[in-house]
Amino acid sequence: MSDYNFETEAIRTQTERSQFAEHSTPLYLTSSFIFDDAEDMRASFAEEKEKNLYSRFSNPNTTEFVSKVVKMEGAEAGYAFATGMSAIFSTLGALLDSGDHIVSSRSIFGSTHALFTKYFPKWNITTSYFDVLKIEDIESLIRPSTKMLFAESPTNPGVDILDLEKMGAIAKKHNLLLVIDNCFATPYLQQPIKFGADLVIHSATKLMDGQGRVLGGVTVGTNDLMREIYLFSRNTGPAMSPFNAWVLSKSLETLSIRVDRHCENALKAAKYLESKSNINWVKYPFLKSHPQYEIAKKQMKLGGNIIAFEVVGGIDAGRNFLNNIKMCTLSANLGDTRTIVTHPASTTHSKLSIEDRLMVGITDGLVRISIGLENIDDIIADLEQALIVM
Ligand SMILES: Cc1ncc(COP(=O)(O)O)c(C=O)c1O
């Protein structure tokens, strides 16, 4: 349990100071650590002492980063990974056995979907998908072999919201592990453990870093589950680098103020887009018109920084809009200080059939914007000129 409020923990959770009495945590760029004598080494390896042994297992920088996320999410323990995908792969790989079955939301990040459909079946781990708008279907997909319920909320790129309280109740009733990818919300906006999640995963690459610099991932949850994940990971080697952990721990110090401004900008941009006649619809969790607005309000502090909208005119209109953009950037990342615009139908999801795309809510004209921290007037001016020249 936390001693201080969220913002204070993000700053004051700190690795023990060295003999130099530094104010801000230094970078411990070391692959291994030393022992006083044979007994110290034996006892440390036997985990009779809490000591760093080797940076694949732990390092003062990764421990500081993880401790912050553990407190922010209200978890018991955690482990930091090189990327969000290595967090997802290692977390599930550590806990699932051959023959296990996952029930997952259909709207999940592309590489997570590839993991479930292309690679897990090699180890006889199968997945059934439910539509994000029909979570009442979840129970009909549960089998005796179902071990895990997996979802993201808000979803990518459709910005749909899943009712985490209902998901928690279903997981509890059927004794399933509830695993939530909380990357779009960050622990500042939403803490899935409060609603019954056993494990929460993040791509720290997104809003946690928030400045488009480093890749990272983190999983937090209960002590017993994290112990399994830690043992699996210390043997298989997906650990976060000390350098990235140092950068990310500093980033968390400003997470709350950055995310506040991201959300303020995003709500203004969403309202602006909603007023435009050449846009069919706009989806942003804290717009009253969002189909799951009430659920978003219940489980999120603010609406996040991702907006989905559909320009009139289908795939060509979507592409034209992107071509007209001047200041904002076209990039695969999101959750950066810089506003990023993408057109999923012609890029990330172009290999899917139209039917499959529509099943996850990606229409031909859908544009996804990750609203940044530039002055909102400049962001809106860029969107305005791009819409006018279409
Ligand atoms: C929701 C979500 N989960 C996981 C990932 C994977 O994270 P990474 O790129 O850090 O591996 C992403 C990346 O975009 C994402 O958006």
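## Loop between β4 and α7

Pro 157 is placed in the loop that runs between β4 and α7. In this predicted model, the peptide bond leading from Asn 156 to Pro 157 is cis, and its omega is near -5°. Pro 154 belongs to the loop between β4 (146-152) and α7 (164-173) as well. The peptide bond from Ser 153 to Pro 154 is likewise cis, with omega near -5°.

Val 159 is also found in the loop between β4 and α7. Its phi is near 55°, which is a positive value in a residue other than glycine.

## Overall dimensions

The protein contains 15 helices and 11 strands. For 390 residues, a compact globule would be expected to have a radius of gyration near 21 Å, and the protein agrees with this because its own value is 21 Å. The C-alpha trace spans about 75 × 55 × 35 Å along the principal axes of the protein.

## Seven-stranded sheet

Seven strands form an open sheet with mixed pairing, in the order β1-β7-β6-β5-β4-β2-β3. At its edges stand β1 (77-81) and β3 (126-130), each of which pairs on one side only. On average, neighbouring strands of this sheet are turned by 20° against each other, with direction ignored.

The edge strand β1 runs antiparallel to β7 (residues 217-221), and five bridges join the two. Within this pair, Ala 80 stands opposite Val 218 in β7. Helix α4 (residues 84-95) packs on the sheet and touches β1, β5 (177-181), β6 (199-203) and β7. The direction of α4 makes about 40° with that of β7.

## Four-stranded sheet

A further open sheet is built from four strands in the order β8-β9-β11-β10, and its pairing is antiparallel. Its edges are formed by β8 (279-283) and β10 (340-342); each has a single partner strand, so one side of each is left without a neighbour in the sheet. Neighbouring strands here are turned by 20° against each other on average, direction ignored.

Inside this order, β9 (residues 306-311) pairs with β11 (residues 366-370) in the antiparallel sense, over five bridges. One residue of this pairing is Phe 309, whose bridge partner in β11 is Val 367. Helix α11 (residues 255-274) packs on the sheet, where it touches β8, β9 and β11. The direction of α11 makes about 10° with that of β9.

## Packing of α3 and α10

The packing of two helices is described by the angle between their axes together with the distance between the axes. For helix α3 (residues 60-73) and helix α10 (residues 242-253), the angle is about 35° and the axes are 8 Å apart. The crossing in which α3 passes α10 is left-handed.

On the α3 side, the contact consists of Asn 61, Thr 62, Glu 64, Phe 65 and Lys 68. These residues meet Pro 242, Ala 245, Trp 246, Leu 248, Ser 249 and Leu 252 in α10. Divided by class, the contact of α3 with α10 comprises six nonpolar, three polar and two charged residues.

## Ligand surroundings

The ligand is surrounded by 13 residues. The closest of them are Thr 83, Gly 84, Met 85, Ser 203 and Thr 205. By class, the shell around the ligand holds five nonpolar, six polar and two charged residues.

Some of these positions can be located in the elements described above. Gly 84 and Met 85, both among the closest residues to the ligand, fall within helix α4 (residues 84-95). Ser 203, also one of the closest, falls within β6 (199-203).

Key:
Residues numbered from 1 in each chain as written. Predicted model: local features only at pLDDT ≥ 70, side-chain atom pairs only at ≥ 80, totals over all residues. Near = placed C-beta within 6 Å. Nonpolar A, V, L, I, M, F, W, Y, C, P; charged D, E, K, R; others polar. Axes fitted to C-alpha atoms, helices over the stretch in contact; angles between N-to-C directions. Left-handed = near helix turned anticlockwise from the far one by under 90°. Contact = placed C-beta atoms within 7 Å. Pairing = 2+ DSSP bridges. Rg over C-alpha atoms; globule rule 2.2 N^0.38 Å.
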